[in-house]
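Visitor: I should like each descriptive term to be justified by its criterion. May we proceed in that manner?

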Amino acid sequence: MAAPMLRWCCPGRRFAFARVGCGSCHRRGPPTGSTSNGKRGQSTVAQQPHITAQKPRKGEREWAAVVGLEIHAQIASNSKLFSGSQVHFAAPPNSLVSFFDASLPGTLPVLNRRCVEAAVMTGLALDCHINRKSLFDRKHYFYADLPAGYQITQQRLPIAVNGSLAYSVSVGRKPSQMVTRTVRVKQIQLEQDSGKSLHDDLRSQTLIDLNRAGIGLLEVVLEPDMSCGEEAATAVRELQLILQALGTSQANMAEGQLRVDANISVHRPGEPLGVRTEVKNLNSARFLARAIDYEIQRQINELENGGEILNETRSFDYKLGCTVPMRDKEGKQDYRFMPEPNLPPLLLYDSGSLPPGADPQQVIDIDRLRERLPELPRVTRERLVRQYGMLPEHSCALLNEVGLLEFFQSVIKETRAEPKKVTSWVLNTFLGFLKQQNLAVSESPVTPSALAELLDLLDRKAISSSAAKQVFEELWRNEGKTPAQIVAEKKLELLQDLEALEQLCRSTLEAHPHVVMDLKRGNPRAINKLIGLVRKATLGRADPTAIKEVLERQLSS
Amino acid sequence: MVKDGCAHVKPAAATDLSVFLLVTWSLWWQTGHEDHVGPDPPRSESNCLLRVQEVSVALKQGQVTPTELCQRCLSLIKKTKFLNAYITVSEEVALKQAEEAEKRYKKGHSLGDLDGIPIAVKDNFSTSGIETTCASNMLKGYVPPYNATVVQKLLDQGALLMGKTNLDEFAMGSGSTDGIFGPVKNPWSYSKQYREKRKQNSHSENEDSNWLITGGSSGGSAAAVSAFTCFAALGSDTGGSTRNPAAHCGVVGLKPSYGLVSRHGLIPLVNSMDVPGILTRCVDDAATVLGILAGHDPKDSTTIQDPVKPFTLPSLTDVSKLCIGIPKEYLTPELSSEVHSLWSKAANLFESEGAKVIEVSLPHTSYSIVCYHVLCTSEVASNMARFDGLEYGHRCDSSVSTEAMYAATRREGFNDVVRGRILSGNFFLLKENYENYFVKAQKVRRLIANDFVNVFNSGVDVLLTPTTLSEAVPYTEFIKEDNRTRSAQDDIFTQAVNMAGLPAVSVPMALSTQGLPIGLQFIGRAFCDQQLLTVAKWFEKQVQFPVIQLQELMDDCSSVFENEKLASVSLK
């Protein structure tokens, strides 16, 4: 797979492009070192986008790109937004369908309290204003997986408005040069998911699965404050982390729990915004970034070549790596919005406005939800930096993998090793092994306690770092042995017998007189070679500092 | 008492209960009843089992069994088949229910006032396992897997479900003439009262071709109650669909407050106005049924939270503390002089008994019907979107494309009236029209609702208005105008109440010079349904509306029955 194609971007949301002569827009450069990792939906985002500012070369014309996002997050609730059907991923087709979901005539929507709470919590986490009164509307269109012929949504008065989402991108070459950017959250609305259509072209029929029909969605609308694929992908990633921390959505893009539509336009700075296109159905962060970048480039090329941009809906063909116009219904539709008459206005309260004697089961108290908010990712990262003195990019990395932070914290709790050591082991060794085998943290063969024990051994210098690596590899094989057992079996413990070490040093010096000569001639590096030779002789079980001490003593005597 | 030039038929001599048990149904029809046989004393000798409460007592005392009641109603349904009141007769279900009710009565613990009592349900309420068609090709053959809440509540009380009654397609109409199963005939067409008047007034026209419409859209339910095939029936009321046929068929038609009775399972016309309606032969019965149906339903978020308990209506003896409002805007040029004069008489009646009767103004009334049209068609367009042939109901044969399938399915499934309303509704909801039509209509709706609020805040307890412009007209006359014109005319006194969500009840007052029933409407404060019914009950008692006499129906229509029999035999 080609990595994000272009590294244009992006301080000040400006682009500099060569007036490309070639019509082809999908320039596939070599991977650019972006850390897209693996197939898991929750980890496909580049962890720290490297955004490099490129100065426009002389004679090139500048373009600015504007990107806004509409994000649909499936609410993690036991039952659907307006019916009692269960919510499960990958259940047998049409096994989770109530009469309401199938739109049987006479059925009525009944609002799921859990979904409302999820929307309020998400709104609070995104610094939104929570509307004390919000309304439901019907949005009409005919589609086979929309049984009622309309979707219940919140068009006029959504549950939350005017928030913001901060995310960090790294600029420059060093990953630690991170800049916080903010995208405004226009609104969060509650709405129903549709069912799924499966087109069987062979038999020219369409199969409908209504399991998904009616599941609660949070539609989060991000204002067009972003300017490239990486920014958009990072903002989405941050939102994903927030939703997961809140537990309001599992936000797994691969399972369709998080879906993104992007609105994209380009214009010359100082001029009005250009005509925008909408790119739909972006179901991984990597594709999101690629699709946006492709679309920006396409629009620029189009305009540079004297063409015009149509206000159209396009979809991203991930095989070809380009966006293509969508042919059907999604063009110009009049959705004929209308108030949903079967749902009274949704009223929310705070501790000041709570009606006296109100049944807590019947009302939602925003302040109580606020108290129950968990620590948000941004705060967690700041805490990690403060508490363990780790680098900001390490705190990002710890949060970017599901379960990694918990793993890290468990190790920290059980070991006497330095936090920096733990961070390094978790992010380099442990994560490296996971990535290599494409495993999730929860699937790791090494438990936090085992790693903690290993780090303890290292910490009290019972083993060397290289021996520790060996032990870790053994642990990964998962044969039920503790680190101590492995160390004992493999005789990996550091040589504590000074006499034996002296002996080994002496024989090494004797066996390599030319290195000794070299050293005596004044090459200070020769000592390292000797240390290496002794270590090799000890099978890596001796501490280099101790070896150095002995060698120096013997050489000077 | 109403003493006027109209044919006010005095109740015939009451029959004894034991007589009832022996008489044939045709004889039973002939018997009138005394009005004060309600729950109030004295009620010694005069029982003829026309009312729920009477028959309930008889059931408890073992004077009649649920199975007997059921079979008699079933045989009446068969005899009155030509009325076309029922779309589906659920004979087996009813008999089984009767059997179970009988067991309960034998053990001495009935489920309540409706246990073992035959009822009918309009065919736009979902009934589990029983076809529910809305009188539309779209839902022909559709068997819902669940019961509407109101149906379930009636069944939980032990009521016997006799069948599903006829209506205008998807309840869109005011005549019960526009459904795929054909028009409903008004039982009063065959009443002794009407026939006698016709003989006097007209030269020998072909009687059968002059049958009258029931009004609508709950005409099947009204006819079913009027023709004694059941004791109570559910209708639905969106713009007057329960009250209008009740007035034309000489029965009580109650539209409860919006939110008092669950709509879950009622196939919607206009969600924000639909209310399950109750059709009975007297106000007390309507109160009994309302007491069972009312209350919060977790499946309908628009129902009130407060619990509602079954209630019995007090008998008013003194109306001097009542204030009756007469809305002056309801005196329209189209109002027939006869209805007008009865309306005045009713007002005078209240006044003469000591009530305060004042003229009031509902200034936005004239905008009401247009406003209703916009809101109604918009919601219809939306509600009908689900009928696409995919999950249930009719599906066309075409399989060129999904869109072509939708178009053909809906073309074949809906009649012109439904399609016309869908078309206008979608027009009003278009982005460019929404503000000018829908939003404006909503604002007018608010003004109309406020009109009522202002009147009630000024001290008026109930409003007294006509229910319909005139008595029922012959079918041939009715179909001279199209459905839309008819609906606009016929809903004139009733639909504003739906827009305001108020309770209203049509009570039959007297017979016209033609011998046909005329009803008047009482409108109450929101959720003051009991107060409204109490006033209606007092009025009912004063006017002593006559019982329909259907003796001649049996004679005149015997040939019809014979033909029906032959037809059914030849079909087998």
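Visitor: What share of chain B is buried, and what makes a residue count as buried?

Guide: Of the 572 residues in chain B, 63% are buried. The word applies under 20% relative accessible area, while exposed means over 50% and partly exposed lies in between, with a 1.4 Å probe and protein chains only. In chain A, buried residues make up 54% of 557. This is a predicted model, in which local features need pLDDT of at least 70 and side-chain atom pairs count only at pLDDT 80 or more, whereas totals for chains, interfaces and linings use all residues. Residues are numbered from 1 along each chain as its sequence is written, chains are lettered from A and ligands numbered from 1 in the order in which they are written, and side-chain values use heavy atoms, with hydrogens and water left out.

Visitor: How many helices and strands does each chain have, and what makes a run of residues count as one?

Guide: Chain B comes to 21 helices and 11 strands, and chain A has 15 helices and 18 strands. Both are DSSP runs numbered from the N terminus: helices are H or I with at least four residues, strands E with at least two.

Visitor: What share of the contacts links residues 24 or more positions apart, and what is called a contact?

Guide: A contact means heavy atoms within 4.5 Å. Among contacts with a separation of 6 or more, residues 24 or more positions apart account for 78% in chain B and for 70% in chain A.

Visitor: Why is A:Val422 called buried, and which residues does it touch?

Guide: A:Val422 has 0% relative accessibility and therefore counts as buried. This residue lies in helix 8 (residues 419-437) of chain A. Beyond its neighbours within four places in sequence, A:Val422 is in contact with A:Phe408, A:Val411, A:Ile412, A:Thr415, A:Ala417 and A:Leu455. Its C-alpha atom is 9.0 Å from that of A:Leu451, 29 residues apart along the chain.

Visitor: How many disulfides are there, and why is B:Cys230 not in one?

Guide: The count over all chains is 0 disulfides. A:Cys128 is in none, as the nearest cysteine sulfur, in A:Cys115, is 17 Å away. A disulfide is a covalent bond between the sulfur atoms of two cysteines, and the criterion is a pair of cysteine sulfur atoms within 2.5 Å. The closest cysteine sulfur to that of B:Cys230 is in B:Cys73, at 6.9 Å, so it is too far for a bond.

Visitor: What makes A:Cys128 and B:Cys230 buried or exposed?

Guide: A:Cys128 has a relative accessible area of 10%, so it is buried. B:Cys230, at 0%, is buried.

Visitor: What describes the interface of chain A and chain B, and how is its buried area defined?

Guide: Here 30 residues of chain A are in contact with 40 residues of chain B. Buried area is the accessible area (1.4 Å probe) that two parts lose on being put together, summed over both. Between chain A and chain B this area is about 2800 Å², and carbon and sulfur atoms give 57% of it.

Visitor: How many salt bridges and polar contacts span that interface, and what makes a pair count?

Guide: A salt bridge is a side-chain nitrogen of Lys or Arg within 4 Å of a carboxyl oxygen of Asp or Glu; the rule finds 0 across this interface. A polar contact is a pair of N or O atoms within 3.5 Å; within protein, one must be able to donate a hydrogen and the other to accept it, and residues adjacent in sequence count only if both atoms are side-chain atoms. Between chain A and chain B, 16 residue pairs, both at pLDDT 80 or more, are in polar contact. On the side of chain A that touches chain B, strand 6 (137-140) and strand 17 (338-339) are the elements that give two or more residues.

Visitor: Which residue classes make up that side of chain A?

Guide: That side has 20 nonpolar, 7 polar and 3 charged residues. Ala, Val, Leu, Ile, Met, Phe, Trp, Tyr, Cys and Pro count as nonpolar, Asp, Glu, Lys and Arg as charged, and the others, Gly among them, as polar.

Visitor: What surrounds B:Asn383, and why is it called buried?

Guide: B:Asn383 has a relative accessible area of 2%, so it is buried. B:Asn383 is placed in helix 12 (residues 365-383) of chain B. Not counting residues up to four places away in sequence, B:Asn383 touches A:Arg138, B:Pro268, B:Leu269, B:Val270 and B:Asn271. Its side chain makes a polar contact with the side chain of B:Asn271 at 2.8 Å.

Visitor: Where do B:Phe170 and B:Ser176 lie, and why are they called buried?

Guide: B:Phe170 lies in the loop between strand 3 (160-165) and helix 7 of chain B, and B:Ser176 is found in the loop between strand 3 and helix 7. B:Phe170 is at 2% relative accessibility and therefore buried; B:Ser176 is at 0% and therefore buried. Although not a glycine, B:Phe170 has a positive phi of about 50°; B:Ser176, not a glycine, has a positive phi of about 55°.
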